[in-house]
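Me: I've got a model open and want to go through its strands and its hollow spaces. Can you take me through them?

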Amino acid sequence: MDLPASYSAAELSSIEACKRLVTEFASLIDANRTDELIHLLLPEATFARPTAPDNVVTGAQTIVQAFASRPKDLVTQHLNLNIRITLTGPDSATGESVVVLYRANGNDTLEPGKGRQATGPLLGTWSDTFVRTPQGWRFKDRRGRVTMFT
């Protein structure tokens, strides 16, 4: 892959905005604020979880509802790594990243200095498509896939 010798300030801003979407998506899930995911998605966005890559959910409202239906005692911690954004036009971009996911039961004892007993990790990848809207950059498509588990 050929990387540009340099990026303009506008290009760097776009790349950073897309990276921010990747990390904000995980942060909202982990904070159990999944109703706010709506602000990161195009109305017609598509999404597939890494644990169910062939189950594509269509529509921002439907995606948010899918997260709202998760078990209430599920505690997650997502780590997004190696986030690479490629601008494909002035208002479009693609992204690839690695995700590490730990899960725990919120009903388990929270041990001082240790936290909860977790399961995992699951390792996977995200393939993203982004579009710039008048409100800023948004996910058009987000596809996950698990690559390793313990």
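Me: How many bridges pair strand 4 and strand 5, and in which sense?
Reply: This is a predicted model. In it, strand 4 and strand 5 (residues 118-133) pair over 12 bridges, in the antiparallel sense.

Me: Which residue stands opposite Ala 104 there?
Reply: Ala 118, in strand 5, stands opposite Ala 104.

Me: And strand 3 with strand 4, parallel or antiparallel?
Reply: Antiparallel, with 13 bridges joining strand 3 (residues 74-89) to strand 4 (residues 92-105).

Me: How many residues sit between them?
Reply: There are 2 residues between strand 3 and strand 4, and the two strands form a hairpin. Leu 87 stands opposite Ala 93 of strand 4.

Me: OK, pockets. What volume does the largest one have?
Reply: About 270 Å³ for the largest pocket. Its lining counts 20 residues, and those nearest the centre are Arg 49, Thr 51, Arg 70, His 78 and Leu 101.

Me: Which elements give two or more residues to that lining?
Reply: Helix 1 (9-30), strand 3, strand 4 and strand 5 do. Strand 5 gives the most, with 4 residues.

Me: How do the lining residues of the largest pocket divide by class?
Reply: Into 13 nonpolar, 4 polar and 3 charged.

Me: Switching to closed space. How many cavities of 30 Å³ or more does the structure hold?
Reply: The structure holds 1 cavity of 30 Å³ or more. About 30 Å³ of space lies in the largest cavity.

Me: Which residues line the largest cavity?
Reply: Val 22, Phe 25, Ala 26, Ile 29, His 78, Asn 80, Val 99, Trp 126 and Arg 142.

Me: Which element supplies the largest share of that lining?
Reply: Helix 1, with 4 residues. Both helix 1 and strand 3 supply at least two residues each.

Me: And the classes in the lining of the largest cavity?
Reply: The lining of the largest cavity has 6 nonpolar, 2 polar and 1 charged residues.

Me: Back to His 78 for a second. Where does it turn up in the linings?
Reply: His 78 is among the residues nearest the centre of the largest pocket, and His 78 also lines the largest cavity.

Me: Give me a short recap of the strands and the pocket.
Reply: Strand 4 pairs antiparallel with strand 5 over 12 bridges, and 13 bridges join strand 4 to strand 3, also antiparallel. Strands 3, 4 and 5 each give two or more residues to the lining of the largest pocket, as does helix 1.

Technical notes. Residues numbered from 1 in each chain as written. Predicted model: local features only at pLDDT ≥ 70, side-chain atom pairs only at ≥ 80, totals over all residues. Heavy atoms only, no water. Pairing = 2+ DSSP bridges. 1 Å grid on protein atoms, 1.4 Å probe; cavity = no way out; pocket = protein on both sides within 12 Å on 5 of 7 lines; lining within 4 Å. Points joined across faces, edges and corners; volume = space filled by probe spheres on them. Nonpolar A, V, L, I, M, F, W, Y, C, P; charged D, E, K, R; others polar.
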